[in-house]
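Please look over the model shown here. The report that follows takes its local architecture topic by topic.

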Amino acid sequence: MAIVTPQAIRQDFPLLMQRPDLVYLNSAATSQKPEVVIETISRYYRELNASIHRGAYTLSVQASEAYEQARHTLARFIGADEREVIFVRNTTEALNLVAYAWGLRNLRPGDEILLTEMEHHANLVPWHLICERTGARIKAIPLGPDGRLELEALHTLLTQRVKLVSVMHVSNVLGTVNPVAEIAQAAKAVGALVVVDGAQSAPHMPIDVRALGADFYAFSGHKMLGPTGVGVLWGRYEALETLAPFLGGGSMIREVYVERSTYAAPPQRFEAGTPAVAEAIGLAAAAEYLMNLGMDRVWQHELELAAYALKRLDEELPEVRTFGPRGPGRGGVIPFVLGDIHAHDVATALDQYGIAVRAGHHCAQPLHRKLGVPATVRASFYVYTTLEDIDRFIEALKKVRDFFKDWL
Ligand code: PMP
């Protein structure tokens, strides 16, 4: 199996080509976009733009076909049936959709929702809002000192009261790959619904939603080479059919009277109003680009980058403390602190050398509380990240370390 050759891949990314001095290490927040995605969106507006699913005219039919073809491509990307793919704005909206459409109707006082201590706020706050309205309660699978979930706790946590389990597949901070299939199996044994936040897995590894054993799987386009403003909620069709609509309006109805309405079947039931047509088509171009590279190779590349970066940090920068699991199967995300220097100061100093990293709590405050640090610096990798990028990052970090040496 040939490995991904990031030097060649970079040629496809206009922004990276225009800025050879930039070392972009913030792909976990949002990825750069290849020419084919930019061009697909541009071509849609130049050649195909029309209101979809409504017009009787040829242009509208063609635009509708392109949008439905995009749904088909995204279904192929995750091993799903196209009727199970709902276009949403992003992972956040997908998780809110399940929380409102399923949670409001099905949760009662005393019911429990099981999350984990490493969740992104997008998989915490929607459940807080639903618990306030329904009287349900939240529990969490604890995070162990090795950066992995303590699955032994599942036996006591998974009681008959648990009606829903929602977990992230890959941590946006620690790079941990959670054993989602195992968790889903245990959750199913108590009859709980299973939701997976795939924001950090769909862009990076092969996904087969059926093999995960979940009922719902959410991801964002902008983290997988696609545009902002579009993402996907996948749902097992039988699970989708039981959901009430989340947003009401045009396109999601069967019949409307002044006083009441009936609703379309999924996926249309969950796509009220004019969708992000150009974005969905652009996302399909991104998915095709990734499938051509081969998702198993994308993942392999990131594992290699993470192992290389961690090795160099361990050996050459003892002042740096990294977090997250060691050993096989860790994604291309490395959070760290430099002594007690604030993460923002370290990131600002790295920027002086052209290194773009993120600093803060990365929308995971409970996780940072558990780690015992207010913030971390995070370097994250993707298909276009090279070993030279990591070398330049390490050399810059050494200079930053030297600059702050009196405070270390
Ligand atoms: N979950 C995880 C694990 C994430 O990393 C992110 C993005 N940082 C989100 C959810 C939210 O994604 P979006 O902002 O695209 O809705």
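The sections below cover the basis of the model, a sheet, an enclosed strand, backbone features, salt bridges and a surface patch.

## Basis

This is a predicted model: local features need pLDDT of at least 70, side-chain atom pairs count only at pLDDT 80 or more, and totals for chains, interfaces and linings use all residues. Residues are numbered from 1 along each chain as its sequence is written, and side-chain values use heavy atoms, with hydrogens and water left out.

Helices (H or I, at least four residues) and strands (E, at least two) are DSSP runs, numbered from the N terminus.

## The seven-stranded sheet

An open sheet holds 7 strands in the order 2-8-7-6-5-3-4. Its pairing is mixed; two strands pair if DSSP finds at least two bridges between them. Strand 2 (85-88) and strand 4 (137-141) form the edges, and each pairs on one side only. Neighbouring strands are turned by 20° against each other on average, direction ignored. Axes are lines fitted to C-alpha atoms, for helices over the stretch in contact, and angles run from 0 to 180 degrees between N-to-C directions.

Helix 6 (residues 125-134) packs on this sheet. The helix touches strand 3 (112-116), strand 4 and strand 5 (162-168), where contact means heavy atoms within 4.5 Å. The direction of helix 6 makes about 145° with that of strand 4. At the strand 2 edge, strand 2 and strand 8 (residues 231-235) pair in the antiparallel sense over 4 bridges. Isoleucine 86 stands opposite leucine 233 of strand 8.

## An enclosed strand

Strand 15 (residues 376-380) is largely enclosed by the rest of the structure, because 5 of its 5 residues are buried. Buried means under 20% relative accessible area, exposed over 50%, and partly exposed in between (1.4 Å probe, protein chains only). In a regular strand the side chains alternate between the two faces of the sheet. In strand 15, Thr376, Arg378 and Ser380 point one way, and Val377 and Ala379 the other.

Strand 15 pairs with strand 12 (residues 333-338) in the antiparallel sense over 4 bridges. Here alanine 379 is the bridge partner of isoleucine 334. Strand 14 (residues 358-360) also pairs with strand 15 in the antiparallel sense, over 3 bridges. Arginine 378 of strand 15 is the bridge partner of arginine 358.

Phenylalanine 336 sits in strand 12. Phenylalanine 336 is buried, at 0% relative accessibility. Beyond its neighbours within four places in sequence, phenylalanine 336 has contacts that include Thr376, Val377, Phe323 and Phe393. Its C-alpha atom is separated by 9.6 Å from that of leucine 174, 162 residues apart along the chain.

## Backbone features

The peptide bond from proline 266 to proline 267 is cis, with omega near 0°. Proline 267 belongs to the loop between strand 10 and helix 11 (277-293).

Two residues other than glycine have positive phi in the loop between strand 14 and helix 14 (365-371). Histidine 362 has phi near 50° and is buried at 1% relative accessible area. Cysteine 363 has phi near 55° and is partly exposed at 24%.

## Salt bridges

A salt bridge is a side-chain nitrogen of Lys or Arg within 4 Å of a carboxyl oxygen of Asp or Glu. The count comes to 24. Glutamate 271 and arginine 71 meet at 2.8 Å, N to O. Glutamate 271 lies in the loop between strand 10 and helix 11 and arginine 71 in helix 4 (residues 58-77), so the pair ties together parts 200 residues apart in sequence. Glutamate 271 is buried at 8%, and arginine 71 is buried at 2%.

Lysine 370 and glutamate 117 also meet at 2.8 Å, N to O. Lysine 370 is in helix 14 and glutamate 117 in the loop between strand 3 and helix 6, 253 residues apart. Lysine 370 is partly exposed at 42%, as is glutamate 117 at 24%. Within helix 15 (residues 387-403), glutamate 395 and lysine 398 are 3 residues apart, or about one helical turn. Their salt bridge spans 3.7 Å, N to O. Both belong to a network of salt bridges with Arg312, Glu316 and Asp391.

## Surface patch

Ile253, Val256 and Tyr263 make a nonpolar surface patch of about 260 Å². Patches are made of residues with over 30% relative accessible area and no salt bridge: like charges are joined within 9 Å, nonpolar side chains (Val, Leu, Ile, Met, Phe, Trp, Tyr) within 5 Å. Accessible areas come from the Shrake-Rupley method with a 1.4 Å probe; for residues, only the protein chains shown count as cover. Tyrosine 263 lies in strand 10 (residues 261-263) and is partly exposed at 38%.
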